Amino acid sequence: MEHLPILIPLPLLAASLVVPLAGLWAPRAVFPLSVAAIALSAAMSALALAEVVAEGEALRYTLGGWAPPIGIEYVVDHVSAFVAAVITSVALMVVVAARRAAAREAAGRRGLFYALVLLLLAGLTGMVVTGDLFNVFVFMEISSLAAYALVSLGGRAGMFAAYRYLILGTVGGSFYLLGVAFLYFTTGTLNIADTARLLAETEPNISVAVGAAFIFAGLGVKMALIPLHLWLPDAYTFAPSSVNSLIAPIMTKVGAYVMVRMFLSVFPEGYLTEEVPVSQALIALGLAGSVYGAYAAMGQRDLRRMLAYSSVSQLGLLAVGIGIATPLGLAAALLHVMNHALMKGALFLVAMSMRMGAGVSDVRMLAGVGRRMPVTSSVFAVGAVAMVGIPPTAGFFSKWYLSIAAIDEGLWFVLAVVLASSLLSAVYLFRVIERLYLAPAPVIAGGADDGSESDAAASAQDGGVRESPLDVTLPMALLALAAIVLGVLNVVVMERVLEPGL
Amino acid sequence: MGEVISSPLPFLVVLAPLIVAAAAPMLGRWPNAREGVSIAGALATLGLVAALLPDALEGKAATASLVELSPGIEVTLRADAAGMLFALLASFLWVLAAVYSIGYMRGLEEQKQSRFYAAFALSVGAALGVAFAANLLTFVLFYELLTLFTYPLVVHRETPEAVRAGRKYLAYTLTGGLALIGAAAWLAMLGVDASFRAGGFLGEQRWWTDGQLWALFFLLVGGVGVKAAVMPMHSWLPAAMVAPTPVSALLHAVAVVKAGVFGMVRVLIFVFGADLLRDMGAWQVIAAASGATLILASFLALRHDNLKRRLAYSTISHLSYIVLGVALLGPLALTGALLHMVGHGVTKITLFFCAGAIHVRTHRDQVSGMAGIGRQMPITMGAFALASLSMVGIPPFILFTSKWYLGWGAAEVGQQAFLILYMVSGVLSAAYLFPIVIRAFGERSPAFPRFGEADARMVVPIASGE
């Protein structure tokens, strides 16, 4: 399997060309084709992960057989295999669950819709497996352009959100490209391994410093690091629900992954901490983001917007982990990439399911939904508990390692803020749980059902609120379950995958 | 700690309530089966705990190690002597509470009973996990789960008041949990083996400076102090009184606050150790806080006319008996504290069951409305009277014995002042409990309708409580 690295993005890229054609002649084949492509890519990622873990060294692949400094190299090491496996499997769950929502929201344009989804995923997986700085930019633009188009499907508000996202996202992409150009001045190469070697040999100079600043500013936009997050709340709120549940869990994570990659395999060790204060900036902005995001989430009425601000908060924690920059800090950040992808995937699918089943996404309108939509609501409860970080859910352990990494560096205020932000997230998440389960159900007709445990009488007067079908609830239940199981088994992930890779 | 033997039993003890919790919602349509499972599960749990007893009495600690949670730190359950005491108490009272709940919940036709039984079983399971936790991370895990699982019980009534109480409960206990997590992360970062050990593990390690030691002290003691309702961290407990009475019994007698004081024992004796606390002078901090709580809460109990609130403040006061007993760091006082933990559990559950029985039969919650009720419900109020006598500390009841040890222990370490505190508080207990009994039996209210005795399903647990 020497071709394994390229086989992760390739099925997605190929399918994105086939699917629009299928949309014209055989619309029924679009969905199975797309799912098959994503499943294939997920299987390849899993295979690559297994192989990397077994071999203990990275898989390298040169595109077209051209040797690295000239040709493009694809590298799958522990970290990239891990991230690729996470995003492809979460994407698989989400795309399956979002079938009905997508059929409604992209009616008549299904072929194009799924082509965009596949392009988005191809771009993201490409960013993860490539070993070339410029190639990262290319894949980043592919995924971003697909994302702008998908967000714009969300009606008039979606178009505005997409426009804003487009402007800010393009600025971010350009910054990244500029930064890479500055590095190129010094090194004359775009290959990551080559760049790392040459940067380690050269004296620190202003061109490299400016390059680092531009690169991180650009990536900061992509991962919605405060104050560069302004595109995110609108994009997540007004995008069609089949789109935001796909974008929210994985898109920003890949930005974070590229940041980790910069620390790990581009800049010499200590450079981003001592020569250029990138670490310090990431920690400061991350902490500010984690508190601000949670604070802003408290005031939101729209469930999706609340979750969007919650993402800003969680991505802040991720940035803190990257900023700490010790192997444990980076491991905590990468573990959080996985945990947050699982939790946010589940929670945005809940929001989608509630929009479909109950027709609302206003938190205040969710009274009594807990009984009508038991699976969806319990997934929300599990996701919320994981997000707050109660052991033994996955969310606890990213905060646990983050805390340990922070204390290790003597960053006590980081520990305090991390703990405080999980209290803040408890405030906004339990507010929703209270609504779902404890607020009296609105009386549609007849008396409220008091104490009777039979749902038969109740469902007659529930105003049409009913549980989503199995193909929606099963994937999101699996994501929630994974958030618990992978929490309990986090040591396996840490010791087998992340620690050897860092 | 004596010999350590490997055994799956501690794990099964924690698992049994989970099975009940899983079965309860599935049997929602057949209440008899559901409640049968609940009682059977409680009995099975008690049996499993009892099966651990012979080894524990011989000084062997049955230990079960499960999955590794963080590199080098496993979830380990160990049935040592202190843990066994708490586990026996919790599982025994669960049997009583399981029987009582049926009478109470059916009597009031409460809503969502399946959720109630499931959450109740989960809470007991988490409490048993707290009892058997052999290291700090395991303790934190179950301590947090206990918070989470009791939340649905606190908000069970789903009234705005219950929701407010639930928020308060979460705010207090989650904050306490975070303090514990912070401390646990700190120790994990240092690679300190945070396994509980009699005599403490910090004393022999000496990696710390004084400032670090105090920080750790406040994080850990503050974390468990919230659930032990030491003032000023107590106000969630009276607020949580809106929950159904079996839940109050769970909070006060079986699981939550007992997990707090038990945590205090673990932190003070098994993490810091008596010698270290004496060197630090830290015990005075706890003794002062719990001594003040002891007296203040007794006075506050006097002021409340609502029976359950009065009992809540009584609990706060009695918890501080225990905390103070631990903080005195003498062997006699510690014995007294552990005895008091058990005795208070049994006694307070009786009082709450009585309050609940009165509520079910008469829908009266105010002490002033209970004149002459003893003639209607002789068994209930008889049990109430006995429990009150015990609470005040009259021989031959268990709380006399524990107070005797506590007082003796205080004198032993030369702290006669605390001996006096214990005595004053005993008098105050009499002052807030006896009037209820006297009024119930002595006065006759002409307008008092006939209620009759409570359901047998509630009487039996009450009577057996003493």
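What follows is a short tutorial on how terms are applied to this predicted model.

Tutor: Residues count from 1 along each chain as its sequence is written, and chains are lettered from A, ligands numbered from 1, in the order in which they are written. The model is predicted: local features need pLDDT of at least 70, side-chain atom pairs count only at pLDDT 80 or more, and totals for chains, interfaces and linings use all residues.

Student: What makes S1 and S3 of chain B edge strands?

Tutor: The open sheet of three strands has the order S1-S2-S3 in chain B, with mixed pairing. Strands are DSSP runs of E, at least two residues, and helices are runs of H or I, at least four, numbered from the N terminus. Strands S1 (4-6) and S3 (73-79) of chain B each pair on one side only, hence the name.

Student: How do you know that S1(B) pairs with S2(B)?

Tutor: Pairing takes at least two DSSP bridges between two strands. Three bridges join S1(B) to S2(B) (residues 61-70), and the strands run parallel. So S1(B) and S2(B) meet the definition. B:Val4 stands opposite B:Ala61 in S2(B).

Student: How do you know that H13(B) has the span expected of a helix?

Tutor: The expected span is 1.5 Å times one less than the number of residues. For the 21 residues of H13(B) (residues 307-327) that gives 30 Å, and the end C-alpha atoms are 30 Å apart, so the two agree.

Student: Why is H13(B) called mostly covered?

Tutor: A residue is buried if 20 or more other C-beta atoms, placed from the backbone, lie within 10 Å of its own; 12 or fewer is exposed, and in between is partly exposed. In H13(B), 21 of 21 residues are buried. Just after H13(B), B:Leu329 takes a positive phi of about 65°.

Student: What makes residues of the two domains of chain B count as in contact?

Tutor: Their C-beta atoms, placed from the backbone, must lie within 7 Å. On that test, 27 residues of domain 1 of chain B contact 29 of domain 2 of chain B. H3(B) supplies the largest share of the domain 1 side, twelve residues. The bounds come from an automatic or database domain assignment: domain 1 is 1-178 + 235-265, domain 2 is 281-466.

Student: Which residues make up the side of chain A that touches chain B, by class?

Tutor: That side has 17 nonpolar, three polar and five charged residues. Nonpolar means Ala, Val, Leu, Ile, Met, Phe, Trp, Tyr, Cys and Pro; charged means Asp, Glu, Lys and Arg; the others, Gly among them, are polar. H20(A) gives the most, eight residues.
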